[in-house]
Amino acid sequence: MAAGTGLHASYTVSVLIPGAVFGFGTAAAFTPITVAATGGLPPDRSGLAAGLLNTVRQTSGALGPAVLSTLALAAGYTAAFAVSAGCLAAAAAAAPLLIPRGF
């Protein structure tokens, strides 16, 4: 999205195509994330893990856009999209190290 953003960028290049890719990717990630968060846990703890996962989703769904909107207003959309991409890359790099194995 950051690469296609500009003063005279078309809607299709800057919003529609990146938004569709992001939307499909996010939807495809929900099930594996839920399985990773609750799989391998004893049945008495899976509800707690699901609740924690939903709390994190709701909080990040509210806090993320608020922070990125503030950043976009202060530094521009390209900076906000770059920070978002950096957060995504950091999460992708940290996930294999932080997901517990062998419960």
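A pocket, in the sense I will use today, is an open set of grid points with protein on both sides within 12 Å along at least five of seven lines, and its lining residues are those that have an atom within 4 Å of a point. I should say at once that what we are looking at is a predicted model, and I will keep to what can be computed from it.

Let me begin with the largest pocket, which holds about 2,000 Å³ of space and is lined by 43 residues. If you want to find its centre on the screen, look for Phe-22, Ile-33, Ser-60, Leu-88 and Ala-91, since those are the lining residues that lie nearest to it. Three helices, namely α1 (11-38), α2 (43-75) and α3 (77-98), each supply at least two residues of that lining, and among the contributors it is α2 that gives the most, with 13 residues. As for the chemistry of the lining, sorting by class gives 33 nonpolar residues, nine polar ones and one charged residue.

One of those central residues deserves a second look, and that is Ile-33, which belongs to helix α1. Its relative accessible area is 39%, and because the partly exposed class runs between 20% and 50%, Ile-33 falls within it. From Ile-33 to Ile-17 the C-alpha atoms are 24 Å apart, with a sequence separation of 16 residues.

Ile-17 also takes us to the surface, where, together with Tyr-11, Val-15, Leu-16 and Val-21, it makes a nonpolar patch of about 490 Å². Within that patch, Leu-16, which sits in helix α1, counts as partly exposed because its relative accessibility is 43%.

Turning now to helix α3, I would like to place two aromatic residues for you, Tyr-77 and Phe-81. Tyr-77 has a relative accessible area of 56% and is therefore exposed, whereas Phe-81, at 26%, counts as partly exposed. In sequence Tyr-77 is 70 residues away from Leu-7, and yet in space the two C-alpha atoms are 11 Å apart. For Phe-81, the corresponding partner I would point to is Leu-71, which is 10 residues away in sequence and 9.4 Å away from C-alpha to C-alpha.

Finally, in helix α2, we come to Ala-74, whose relative accessible area of 71% lies over the 50% cut-off, so that this residue is classed as exposed. Ala-74 and Val-56 are separated by 18 residues along the chain and by 26 Å between their C-alpha atoms.

To leave you with one picture, then, please keep in mind the largest pocket with its lining of 33 nonpolar, nine polar and one charged residues, to which α1, α2 and α3 each supply at least two, and, alongside it, the nonpolar surface patch that includes Leu-16 and Ile-17.

Technical notes:
Residues numbered from 1 in each chain as written. Predicted model: local features only at pLDDT ≥ 70, side-chain atom pairs only at ≥ 80, totals over all residues. Heavy atoms only, no water. 1 Å grid on protein atoms, 1.4 Å probe; cavity = no way out; pocket = protein on both sides within 12 Å on 5 of 7 lines; lining within 4 Å. Points joined across faces, edges and corners; volume = space filled by probe spheres on them. Helix = DSSP H or I, 4+ residues; strand = E, 2+ residues; numbered from the N terminus. Nonpolar A, V, L, I, M, F, W, Y, C, P; charged D, E, K, R; others polar. Patch = residues over 30% accessible without salt bridge, like charges linked within 9 Å, V, L, I, M, F, W, Y side chains within 5 Å. Areas by Shrake-Rupley, 256 points an atom, 1.4 Å probe, with all protein chains shown as cover. Salt bridge = Lys/Arg side-chain N within 4 Å of Asp/Glu carboxyl O. Buried < 20%, exposed > 50% of the residue type's maximum accessible area, 1.4 Å probe, protein only.
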